[in-house]
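Here is a short tour of one chain, written to be read with the model open beside you. Feel free to rotate the view as you go.

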Amino acid sequence: MAFAESAGGEGPPASSRSLVPLLAVCAGYFMVILDVTVINVAVPVIGRELSASLTGIQWITDGYTLVFAGFLLTGGALGDRLGNRRIFCTGTAVFTVSSAACAFAPSAAFLVTARAVEGFGAALIVPGSLALLQQAYPDPGGRSRAFGLWGSVAGVAASAGPLLGGLLVSTVGWRWVFLINLPVGIACLALTLRHVAPSPRLTTRALDWPAQCAVVAAVALLTAALNEAGRRGWSDPAVIAGMALAAVSAVAFVVREHLARTPALPPSLLRSRALGGGAVIGLLFNFGFYGMVFTASLDFQHQRGFSALLTGVALFPAVAMTMFASVLSGRLTRRTGDRPLVISGMLLAALGLGGWAAAGDDPGYPLLVAPMMAAGFGTSFALTGSTSTIMGAAPPAYSGTASALFNTTRQLGSATGVALGGTLLATAATYGGGLRLSMAVGALAYLIAAGLAWRCVPPRAGRGAREGH
């Protein structure tokens, strides 16, 4: 396969010791994940001010999520084909401009449309973020530390979203939920163009648009069905229809991949134990962590009477551990390899959620601090090794696609964890019993992920690419 360097916007190659590429990439990723959660606190106020219907209020949130999840693989393919830096910068520009459109939206319909465009920009940012870090930090130790900090950004952004959203809505108004993206997006774009080297382009690989359309439909329909399952129940006709159509689209994608000359996901990648197993591990730990954050948020606000701001503070123990865990795992990975870190992280997180489940139907908040810390630490500790495994298993020409696959499965894991958590809370005999069952299911997901890590994660960094079986 032939490669050509991307033209235009030449920037200096990043030093493996420089933090600027890491700051640039993580700023873009932070915006994307923050927008998933920061909006939740603002939506009721937005609905009142813009006279939105219940359906309109739901689509302010769901429109972003569906487009984001659906187009991740397309964003990865575009990055490999046209250059990851180019697509990352394009996504950042789209996201920033659409954030401004959201901030000045005159109606609910306009806001829903702008949010969908934001989701498309996010889908271009995320796959390229990992690919650019892999390019900017060729040293395995530096790359592991970069991946660790990249992963911790997600936990911090997701958990800080309700706190920041509540603070902004209660002080300067809901439009600032979107306006804060403007300086971050502009800084991210300037830093990336100045300090991140242009990415190679795979000029001989055409984009298979039928396959891309099929995978967009499959992921978006499945995400929509999972979102609705949490609200309507799993037996609702709309949920069943969405899942059935997602399955049909997935079958169409598989058939097309077998016929295509340049498949979007080459069979050799999917046959890699490290890459395929790593993607499933990502699904499982996002299922456990975001299911915990969602159900804990509901418990704190609806059962304990916490405000949105206080809920954000209450979730802080989980957030605080992510940064520490990512730094520690990045330092340890060169000595231990990825496998011990992923396994121990998943086991610790399982212990945390298991401890919450065992604490009783109405435990005092102090009893929940240690379980949240264990879940936050364990998830972030394992994410570094999982990310390194995924990116190491794919050849450089498919780094964007591998990143997109990993993040797509993680998004599906988050959606499934939230949907199942909501269902368990709604259908259990008691609220406390539903919460305990949700935590127990999350602990089981972490245990399964630990078992998969033993089987699929290479014992030493750098072997993933050679374990294509």
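## Gly-354 and Pro-340 in helix 15

Gly-354 sits in helix 15, which covers residues 338-358. This is a predicted model, so please read each value here as computed from predicted coordinates. Is Gly-354 buried or exposed, or does it count as something in between? Its relative accessibility is 27%, and therefore Gly-354 counts as partly exposed; the buried class would need a value under 20%, and the exposed class one over 50%. If you would like a distance to check in your viewer, try Gly-354 and Arg-334: they are 20 residues apart along the chain, and their C-alpha atoms are separated by 30 Å.

Pro-340 also has its place in helix 15. With a relative accessible area of 39%, Pro-340 is likewise partly exposed. Another pair to try is Pro-340 and Trp-176, with their positions 164 residues apart along the chain and 43 Å between their C-alpha atoms.

## Ala-214 in helix 9

Let us turn to helix 9, made up of residues 209-232, where Ala-214 is found. The relative accessible area of Ala-214 is 12%, so this residue is buried. Which residues does Ala-214 touch, once its neighbours within four places in sequence are left aside? The contacts are with Ser-249, Ala-252 and Phe-253.

Arg-334 serves as a reference point here too: its C-alpha atom and that of Ala-214 are separated by 40 Å, for two residues 120 positions apart along the chain.

## Helix 1 against helix 4

Next come two helix pairs, beginning with helix 1 (residues 20-49) and helix 4 (residues 84-103). Their axes are 11 Å apart and make an angle of about 45 degrees. Why are the two helices called oblique? Angles under 35 degrees count as roughly parallel and those from 65 to 115 as roughly perpendicular, so about 45 degrees falls in neither range, and helix 1 and helix 4 are therefore oblique to each other. The crossing of helix 1 past helix 4 is left-handed.

On the helix 1 side, the residues that meet helix 4 are Ala-24, Val-25, Gly-28, Met-31, Val-32 and Asp-35. Helix 4 brings Phe-88, Thr-92 and Phe-95. Sorted by class, this contact holds 6 nonpolar, 2 polar and 1 charged residues.

## Helix 16 against helix 17

Helix 16 (residues 366-393) packs with helix 17 (residues 399-427) at an angle of about 140 degrees, and their axes are 9 Å apart. Roughly antiparallel would call for an angle over 145 degrees, so helix 16 and helix 17 are oblique to each other. Here helix 16 passes helix 17 in a right-handed crossing.

Helix 16 makes the contact through Leu-383, Ser-386, Thr-387, Ile-390 and Met-391, while helix 17 does so through Ser-399, Ala-402, Ser-403, Phe-406 and Arg-410. By class, that gives 5 nonpolar, 4 polar and 1 charged residues.

## The chain as a whole

Stepping back, the chain contains 18 helices and 2 strands. Its C-alpha trace spans about 60 × 50 × 45 Å along the principal axes. A compact globule of 469 residues would have a radius of gyration near 23 Å, and the chain's 21 Å agrees with this.

Of these 469 residues, 57% count as buried. How much of the contact in the chain with a separation of 6 or more comes from residues 24 or more positions apart? Such residues account for 86% of those contacts.

Conventions. Residues are numbered from 1 along each chain as its sequence is written. This is a predicted model: local features need pLDDT of at least 70, side-chain atom pairs count only at pLDDT 80 or more; totals for chains, interfaces and linings use all residues. Side-chain values use heavy atoms; hydrogens and water are left out. Axes are lines fitted to C-alpha atoms, for helices over the stretch in contact, and angles run from 0 to 180 degrees between N-to-C directions. Helices (H or I, at least four residues) and strands (E, at least two) are DSSP runs, numbered from the N terminus. A crossing is left-handed if the near helix is turned anticlockwise from the far one by less than a right angle, and right-handed if clockwise. Contact means heavy atoms within 4.5 Å. Ala, Val, Leu, Ile, Met, Phe, Trp, Tyr, Cys and Pro count as nonpolar, Asp, Glu, Lys and Arg as charged, and the others, Gly among them, as polar. The radius of gyration is taken over C-alpha atoms; the globule rule is 2.2 Å times the number of residues to the power 0.38. Buried means under 20% relative accessible area, exposed over 50%, partly exposed in between (1.4 Å probe, protein chains only).
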